[in-house]
Every structure is written in structure tokens, then in C-alpha cells.
Amino acid sequence: MDDERAQSIGSRVRMARLRRGLTLKETAQAAGVSVGFLSMVENGKRLLDSSRHIASLAEVLQTTPVELAGRHLPPSVSADAHAAIPALRLALMGAGIWSRPPGPPPPEQVLAERVAEANRRYHAAGFGELSATLPDLLADLHAAVDTHTGYQRRRLLRLLIAAYNPATVMLLKYLGYTDLAFIAVTRAADLTAELENPAYSALSGFFTAHVLMAAGAPTQALQHATDAADTLERHLTTPASQALLGELHLIRATATTLDRARSGKSRLTDVRDHLAQATKLADRIGESRAWYLNFGPANVGIHQVSLNTDLHQYGTAIAAGTGPHADLSVLPAGRRAAFHTDLGRSLAHTRGREASAVAALLAAERLAPQRVRGNRLVAETVRELARRRLTDRIHRDVRGLAHRIGIAT
């Protein structure tokens with residue numbers, strides 16, 4: 001019986017690999033197994049019965065464990081990131097500082113490098129690694145702030161704010177912990193008040209707007225972002241402040257799309273106005289990484305797709321996503337994944353474009369799997385695609401994506 005199973009599974013593994021156009025070596029390396037092992041599996045000389053091997057091969061071959069080996073396996077949607085949340089919750093409550101080992105905190109330069117790395121991991125959608133490292137980073141930063149005064153304390157405050165925003169706030173937002181994101185943004189706001197800096201106050205308003213949108217309060221989010229923009233417009237002294245103003249226009253546009261109390265025409269008019277203002281600023285300053293954000297022509301182009309998708313202007317979104325646009329390669333994986341996600345959502349709403357929609361969603365998943373698999377709108381799109389009459393190849397891709405997201409089809 002095991003010999004028959006080994007032959008059957010091996011044949012399915014080989015067919016799945018050939019459909020993807022992958023060599024034996026490419027598949028083995030991506031799945032973390034040896035070429036010899038995979039060869040024996042495909043030839044029916046080794047039974048594929050390890051859950052770890054089944055899951056890794058199914059992910060590489062973009063299929064389901066059931067289709068590959070006849071076994072149901074629970075999907076992993078940022079499991080490592082969620083596992084680290086209890087420690088991060090304690091850190092946000094202030095418990096991290098109490099459990100720090102005795103001794104002086106790390107030097108400022110070391111802390112600055114760790115903050116930069118935390119934000120890099122966020123933008124790369126490395127949520128598991130980021131969740132695991134944030135508690136110690138926040139504790140060390142708080143200890144450093146508490147042991148210094150004057151100008152050095154202000155520099156350390158800026159680092160601490162950069163650890164809370166965007167790394168902590170946005171991580172928690174995308175993982176669905178809106179209450180913890182609110183605690184993080186509130187702590188950052190308290191630190192910001194000590195700086196008495198208008199640009200940092202506007203930055204606080206920007207991230208507060210993000211949390212309010214995640215909590216289902218777009219009207220309040222729009223008000224916070226508008227107040228922040230009004231404050232900042234009186235202090236546009238640097239390219240960094242102009243980049244932040246551009247981000248505030250984009251988040252005001254995003255909040256506007258979510259305000260269902262307003263007519264579609266009214267929302268569309270305001271969204272286009274904010275996009276026009278953001279475009280002017282982006283063209284003026286170019287690509288910017290100020291505030292650990294990604295404002296510039298590329299990010300404005302991504303918003304052209306996402307905002308029109310949210311407003312059900314699918315044709316406009318597809319034209320923006322498939323026509324000439326800024327070079328997205330300058331952006332981190334998380335932002336590029338957002339582009340493909342929203343383009344895929346618009347394509348899925350256009351009959352006859354299902355193959356392109358699935359290709360876009362798979363491209364997004366390859367760039368930032370943790371971010372895409374935890375996206376509620378992606379899940380809704382995949383459920384809708386799974387209900388349609390599709391070719392066997394496309395339906396197989398949809399079932400694989402559905403499994404990895406954790407939804408039944």
C-alpha cells in the first residue's frame with residue numbers, strides 16, 4: 001500500500017513541478033530538501049509523509065497539500081508573528097523595561113541600526129522576525145531615553161518614535177491587533193509631545209489616522225489627517241516635511257474612500273484632488289524615505305490603483321496598473337505587493353480577466369506572503385474567484401492560494 005501511495009504522490013509532485021516550469025534542483029532548493037530526496041519522491045522510491053516537507057513543497061509548487069499528497073494541513077498565516085504578540089503586548093504595557101537585564105543600554109549608534117532594521121523588516125513584510133525583535137528593542141530604547149538628558153535624549157526620543165511608528169503601529173494594524181496599535185500610537189504621541197516639533201506632531205496624526213481607519217472610523221481618521229496636514233503646511237521647511245504632507249494627502253484620500261456616508265461622486269472628487277496634490281509633491285521632491293516611509297512617484301502610482309479599486313473604478317485602476325507608471329522596483333516588497341494585490345482585485349471584478357487577476361495575486365504573495373495571506377480583501381477576492389467557472393490551471397492556482405490564506409473553497 002505504501003509503495004502505491006509513494007508512486008501516486010510522486011507522480012503528482014512531478015506533474016505539479018512541471019506545470020510550474022521548475023527544475024528538480026530549483027524545487028528542492030526552494031523547498032529546503034535535497035535533490036536526491038525529491039528525486040526519490042518523484043520516482044516513488046520515497047514516501048512523502050512529513051508534514052513539513054508536504055507543506056514546503058505545496059508552497060513552492062503553489063498547490064494544496066491535498067492535491068499534492070492527499071493530506072489536509074492547517075495553513076500558517078503569520079503564525080510566528082502572532083506567537084510573539086504576548087511579549088510585545090507586555091512591552092507596550094511597560095513590562096519590558098522591568099525585565100531588562102541589568103546594565104547600561106546599548107550605544108545610540110547600535111540602537112539606530114536596530115531601529116532601521118526593524119523598519120526594513122516591516123517594509124519587507126517580515127512580520128515574524130519583526131514581532132520577535134520589537135519587545136527588546138522598545139525596552140532598550142526606553143532605558144536609553146531614561147538615562148540621558150538634553151540633546152542626546154531628544155535624539156533617542158526620535159529613535160524611539162521611529163520604533164513605535166511605523167514598525168510597531170503598522171505591524172499591529174496589519175496583523176489585526178487594532179487595540180494594541182492604538183496603545184503604540186498613543187505612546188508615540190506622548191513621546192512626540194516632549195519634542196515640541198510640528199513635523200513630529202503631524203507624523204503622530206498620520207499614524208493615528210491609520211489606526212482609526214483600521215478600527216472602522218474613517219471620518220475620525222480623515223479629521224486627524226486633515227488637522228496634521230494643516231499644522232504641517234505652516235512648517236514646510238524641508239523635503240522631509242513635504243514628503244510627509246504628501247503621505248497625509250494619500251491617507252486623506254484613503255480615508256475618504258472608506259466614508260460610506262458620502263456619495264460616490266463626492267468621494268471620487270475629493271480623492272482625485274488629494275491624488276493631484278500628492279502627485280505635485282512627488283514630482284517636486286522625487287523618491288523619499290523620510291520618516292521611514294516611502295513617499296514619491298512610485299507610491300503615488302500605487303495609490304492610483306488602490307484608491308480607484310476601493311472606489312469601484314476598476315477600469316481606471318487597471319489602466320493605472322497596466323499602463324506606464326513609475327518604477328516600482330525602488331520600493332520595498334510590501335509596497336510592491338500592495339500594488340499587485342489591488343490590481344488583482346480590480347482585474348477580478350472584470351469578467352474574462354480572471355487569469356490576470358490570479359497572476360497578480362500570486363505575484364503579490366511571492367513578494368510579501370505574510371502581508372497578502374492576512375489581507376481580508378484578498379480573502380474575499382479569492383472566495384469570489386473560487387466560485388467561478390475557471391480553467392483547471394487557474395482553478396488549481398486559486399485553490400492553492402485559498403489554502404495558504406486559510407479559507408475553504
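Helix H15 (239-258) and H17 are among the elements that cover the buried residues of helix H16. All of this comes from a predicted model, so read the values that follow as computed from it.

**Helix H16 and its two sides**

H16 spans residues 264-285, 22 residues in total. From the first C-alpha to the last it reaches 32 Å, close to the 32 Å expected at 1.5 Å a residue. Which residues of H16 are buried? They are Arg 267, Leu 268, Val 271, His 274, Leu 275, Ala 278, Leu 281 and Ala 282. These residues cover an arc of only 155° around the axis, and that puts them on the same side of H16. The background is simple helix geometry: with 3.6 residues a turn, residues three or four places apart in an α-helix point the same way. Flip to the face of H16 turned away from the buried side and you find the exposed residues Lys 265, Lys 280, Asp 283 and Arg 284. After H16 comes Gly 286, with a positive phi near 75°.

**H7, a second case**

Helix H7 (residues 85-92) can be read in a similar way. Its buried residues are Ile 85, Leu 88, Ala 91 and Leu 92. Looking down the axis of H7, those residues fall within an arc of 115°, so they line one face of the helix. Just after H7 there is a glycine too: Gly 94 takes a positive phi of about 95°.

**Open and closed space**

The largest pocket holds about 1400 Å³ of space, while the largest cavity has a volume of about 40 Å³. That cavity is the one cavity of 30 Å³ or more in the structure. Here is how the two linings break down:

| Space | Nonpolar | Polar | Charged | Largest share of lining |
|---|---|---|---|---|
| Largest pocket | 19 residues | 17 residues | twelve residues | H19, eight residues |
| Largest cavity | seven residues | two residues | no residues | H17, four residues |

For the pocket, 48 residues make up the lining, and Lys 173, Tyr 174, Asp 310, Asn 375 and Leu 377 lie nearest its centre. Quite a few helices chip in: helix H9 (108-123), helix H11 (150-175), helix H13 (198-214), H15, H17, H19, helix H21 (369-373) and helix H22 (376-386) each supply at least two lining residues.

Which residues line the largest cavity? Pro 297, Ala 298, Gly 301, Ile 302, Ala 320, His 325, Ala 326, Leu 328 and Phe 339 do.

**Two arginines worth a click**

Arg 345 sits in helix H19 (residues 333-348). Is Arg 345 buried or exposed? At 9% relative accessibility, Arg 345 counts as buried, because the cut-off for buried is under 20%. Leaving aside neighbours within four places in sequence, Arg 345 is in contact with Thr 309, Asp 310, Leu 377 and Thr 381. Asp 310 and Leu 377 have already come up among the residues nearest the centre of the largest pocket.

Arg 114 belongs to helix H9. With 27% relative accessibility, Arg 114 counts as partly exposed. Not counting residues up to four places away in sequence, Arg 114 touches Pro 106, Asp 136, Leu 137 and Asp 140. Arg 114 and Ala 163 are 49 residues apart in sequence, yet their C-alpha atoms are 8.9 Å apart in space.

Methods: Residues numbered from 1 in each chain as written. Predicted model: local features only at pLDDT ≥ 70, side-chain atom pairs only at ≥ 80, totals over all residues. Heavy atoms only, no water. 1 Å grid on protein atoms, 1.4 Å probe; cavity = no way out; pocket = protein on both sides within 12 Å on 5 of 7 lines; lining within 4 Å. Points joined across faces, edges and corners; volume = space filled by probe spheres on them. Nonpolar A, V, L, I, M, F, W, Y, C, P; charged D, E, K, R; others polar. Buried < 20%, exposed > 50% of the residue type's maximum accessible area, 1.4 Å probe, protein only. Contact = heavy atoms within 4.5 Å. Expected span 1.5 Å × (residues − 1). Arc of directions from axis to C-beta.
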